[in-house]
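Hi everyone, thanks for coming. I'd like to walk you through a few parts of one protein model today, so please have a look at it with me.

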Amino acid sequence: MENKNKYWKGIEEAELHSDFIKSKGNEFSEALPVEEMLSTIDSDLSSNRRDFLKFFGFSVSAVALAACNKAPVKFAIPYVEKPQNVTPGNPNYYASTCASCTSGCGMIVKTREGRPIKLDGSNESAISAGALCAVGQAGILTMYDINRLANPLENGDEQTDWAKIDKKISSKLASIAATFGGIRIVTPTNNSPSFANAVNIFKQKYPTTEVITYDSISYSGILLANEKSFGKRVIPNYNFDKADVIVSFGADFLGTWISPVEYTKKWTKNRNPKNGTMSRHYQFESILTLTGSNADIRIPMKESKEGIYIISLYNEIAKLAGVAQLAVTQNAELAGNAIKNSAKDLFAAKGKSIVVSKSNNPEIQTIVNGINMMLGNYGTTIDIDNFSNQSKFVEADFEKFVSELSSGTVKGVIFVNSNPVYSYHNSSKLTEGLKNAELVISTSITKDETGSLAGFVCPDNHFLESWGDAEPKNGLISFTQPTISPVFNTRQVIESLLTWAGAMPENAKAYNFVKSTWSSLGDDVWNKSIHDGVLIKPDLPATVPSFVANLADSANKIIFSLPKGDETELILYQKVGLRDGSMANNPWVHELPDPISKVCYDNYLSISKADAEKNGFEQNDVVNLSVNGILINEIPVLVQPGQAKGTYAIALGYGRTQTGKVGKNLGKNAYPLVRTENGYYSYNFCGLITFEKTRKKYSLAQTQTHHTIEGRDYIREASLNQYKKNPSVKNDEKLNLISLWEGFDYTKGHKWGMAIDLNKCTGCGSCVVSCHIENNVPVVGRDEVLLRREMHWMRIDRYYSFNDDGTALTKEKQIDKADASVYENVSVVNAPMMCQHCDHAPCETVCPVLATTHASEGINQMTYNRCIGTKYCANNCPYKVRRFNWFKFNDNDKFDFHFNNELGKMVINPDVTVRHRGVMEKCSLCVQRIQAGKLTAKRENRKLVDGEIQTACSAACPSNAIVFGDKNDPNSEISKLFKDERSYHMLEEVGIRPAMMYMTKIRNTDTTI
């Protein structure tokens, strides 16, 4: 395989801007935003060198003081009476269910001395299948949030006790029900059988009660289309693992769409070129999504044209099938050969293909159903018998509720962990309507925008403190059990509802009620289900449903609603880390760089290169945006490769006004831009969109451009056909480099290594957050990221390469800077990067105090109490993976995150040292996990089993892209991968012998777009 692609990290590198060329000789390519940083400090800093260095964390004695820091003396107090099943120093593990979103992933909770410190996916759950996304990983910190409510509240901020508040609420509910006033329970999609039982008991006491489902992000288009097509209002079970051809219209199913961990697991199973074939993935989309960046063939498309694209696809397949086409009144040849090629591939893979769409328009989803029906995909790749319960929200129900509030019909509202005052697009109408209610209750664990308007706030337990159940898929029951006693004086919603209904026995708890829901199981099955975390019922036979929808009617409605001209349009989307904004006060999701833009903390107006030039915008310009009269003031501009011309985009989930310090007033709230169209919520807008460029600049905290490629051979990729012809990626001439190092015999004992498959890595960032949590990596905040001081031990480098009509530009062929449209269609490769643990490590030879050394098992070690912070090792590392502690990040008011309060510190992993100011740190290959695994095997008098030891990143990876193991075990997976034809070392020509192996990226393309 030979790779001639030219890779680049940012537009300035692709076009060789003058500033970039000037800075190429520097270790870092990007200019520091010195003036902007200084302007944010209320200080009369002079311009002399000493004051400048003081401001940026330098001082004459900083290194000396860092080396001499003494830890405070602490006294260990032994247990007077040791708790059962708790042995100091040994972790306990519990199966439970993640509730950071509605996917319902099974998880394993690691606890130490009674406190949860780490979440990982459960192998028992078909949803998580052993993995957990970045949001799920970060969910543990919401329990240790200092902004959680410690007690129930009434009349704003007045703390009260449960007995008093229960008496007042019960009295008020009885009064409302007696006058036939409406009572509504507003909840996000809830698939808990026990919660449903509790609501039914509540309804018996208060018959005017109705449950209203409200989700910040709607998938009602799929629900209503399936009801229209098959008579079932459900989300299907999408089996991407059974699909040889996948066509997605904007659905970011690897990033944010419905159940991304589950879909990533399935999608990856059919991406192994060693099988002789692999799935072919087409992605039609307007903005570059995580899924689009991983597609084999990506086609930029304005989202307003999606309907006609899908009709065109239907007609192309109908031609091949010899059936009637849909009559359309417009030219449907909008996508060139892409629609024809995808139709041909889909038809050739009948019964083994799948078409999905992001659109929330039921008519578009109905045509998608028609395509999948024509291809014979139902009963194979699409299953509506074993359906998903991960989204049940339909807009009409909530809109009716808001109208009833306004009219005064509804007198009592209980918001169960929902925050529509923030995320509902017509928040002012809802706010005014709530003034008509006699009783407003919120059960949020923090005082959010909705809770601030509630007369009573009855905080729920965190899901790690709760008993519960969920049925995310029909027949898959996932259980929740508490892994810690409630940190605050909170109470589960189930207990609150039953108490207010007068149905909660004295001294009973949620456990008793949840167990009673499953009383038919018997104690043995119940205990096993709690132990495993799941109860799996046999799947129903997947059937082929009868299709009853009128496709011609749907097509006509789509054509009628198309924009009349080629108008500018705005896209609203979710970021992979922050999602809908419900975890806006979690610093881990903010510090995680966005997989595409690599921006931390902010949202922004994302535009194409062509539109930037057309409007005279540059990166970091600040503009005022008006969308149909709705203003978004002072939002920064990001020029994003891969974005369709004429398309602008803003991420949802920002602009929170009632949350903790981390997320408050961060970014702009784009939910008011969501519009209602024919009864459903639309996340794109065509029409009156205007921009006003201000004179301000706002530097986005973007990590990707901190380092340059310098033309080095980092990435290797090939097409599937190229791989079949020549599967080897090894250099034709073996490198015979003369070494200055004395050799060491690693054949005895263990030799640890890692393989990273670029064909599987999606760039989701779950590994980054998992590493952050496991290794007590500090959160540094936006300002430090701007100064290139992010502390992540691992990063995911995102590399672009150009595509022009399907042909990649080579290293020898330069881009035409005058043609900005070429940036619309780019290919992306994601490459996780951490310390490579080189056998001939260049960092080790330059450290003057032997703080970084090599272990006999091949691990590059850091001895923190030796390090004096010269940073020679970081300068000499070709991979730039070492991090320097410029400050003491714990117990420091300047970094007021979880390390700065006693509650937040409870998440700290006691097996990993919390580093001090002035020392270097980097990936340790989770040596604490290695030692724990070795000790367990020694204690049990056996050898280690391959796969028994997992690093934090390999355990978290939803795509199984990261494999860790012992290279000295000839039967281990890692030793086999190191011998694979696709394997190569990054920068192997330097001769430093990394312990990390990368697997070549293979794309199933070789077609003309």
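I'll go through a sheet, two helix pairs and one buried helix. Please keep in mind that this is a predicted model.

Let's start with the sheet. Four strands make it up, and the sheet is open, with the order E12-E11-E10-E13 and parallel pairing. As general background, strands of a sheet pair through backbone hydrogen bonds, either parallel or antiparallel. Which strands stand at the edges here? They are E12, residues 297-300, and E13, residues 353-357; each has a single partner strand, so one side of each lacks a neighbour in the sheet. On average, neighbouring strands are turned by 10° against each other, direction ignored. If you zoom in on E10, residues 245-249, you'll find 5 bridges joining E10 to E13, and the two run parallel. Within that region, Ser248 sits opposite Val356 of E13.

Now for the helices. In general, two packed helices are described by the angle between their axes and the distance between the axes.

Our first pair is H13, residues 306-321, and H15, residues 362-374. Their axes come within 10 Å and cross at roughly 20°. An angle under 35 degrees counts as roughly parallel, and that is why H13 is called roughly parallel to H15. The crossing of H13 and H15 is left-handed. What meets what between them? On the H13 side we have Glu306, Gly307, Ile310, Ile311, Leu313, Tyr314, Ile317 and Ala318, and on the H15 side Ile364, Ile367, Val368, Gly370, Ile371 and Met374. Sorted by type, the residues of this contact are 11 nonpolar, 2 polar and 1 charged.

The second pair is H16, residues 395-407, with H18, residues 427-434. Here the axes come within 7 Å and cross at roughly 45°, which means H16 is oblique to H18. H16 passes H18 in a left-handed crossing. From H16, the contact takes in Phe398, Phe401, Val402, Ser403, Leu405 and Ser406, and from H18, Lys429, Leu430, Gly433 and Leu434. By type, that gives 6 nonpolar, 3 polar and 1 charged.

Last stop: helix H26, residues 766-774. Is H26 largely enclosed or open? Largely enclosed by the rest of the structure, because 9 of its 9 residues are buried. Among the buried residues of H26 are Ser766, Cys767, His772 and Glu774. Just after H26, have a look at Asn776, which takes a positive phi of about 55°.

That's my tour, and I'm happy to take questions.

Key:
Residues are numbered from 1 along each chain as its sequence is written. This is a predicted model: local features need pLDDT of at least 70, side-chain atom pairs count only at pLDDT 80 or more; totals for chains, interfaces and linings use all residues. Side-chain values use heavy atoms; hydrogens and water are left out. Axes are lines fitted to C-alpha atoms, for helices over the stretch in contact, and angles run from 0 to 180 degrees between N-to-C directions. Angles under 35 degrees count as roughly parallel, over 145 as roughly antiparallel, 65 to 115 as roughly perpendicular and the rest as oblique. A crossing is left-handed if the near helix is turned anticlockwise from the far one by less than a right angle, and right-handed if clockwise. Contact means heavy atoms within 4.5 Å. Ala, Val, Leu, Ile, Met, Phe, Trp, Tyr, Cys and Pro count as nonpolar, Asp, Glu, Lys and Arg as charged, and the others, Gly among them, as polar. Two strands pair if DSSP finds at least two bridges between them. Buried means under 20% relative accessible area, exposed over 50%, partly exposed in between (1.4 Å probe, protein chains only).
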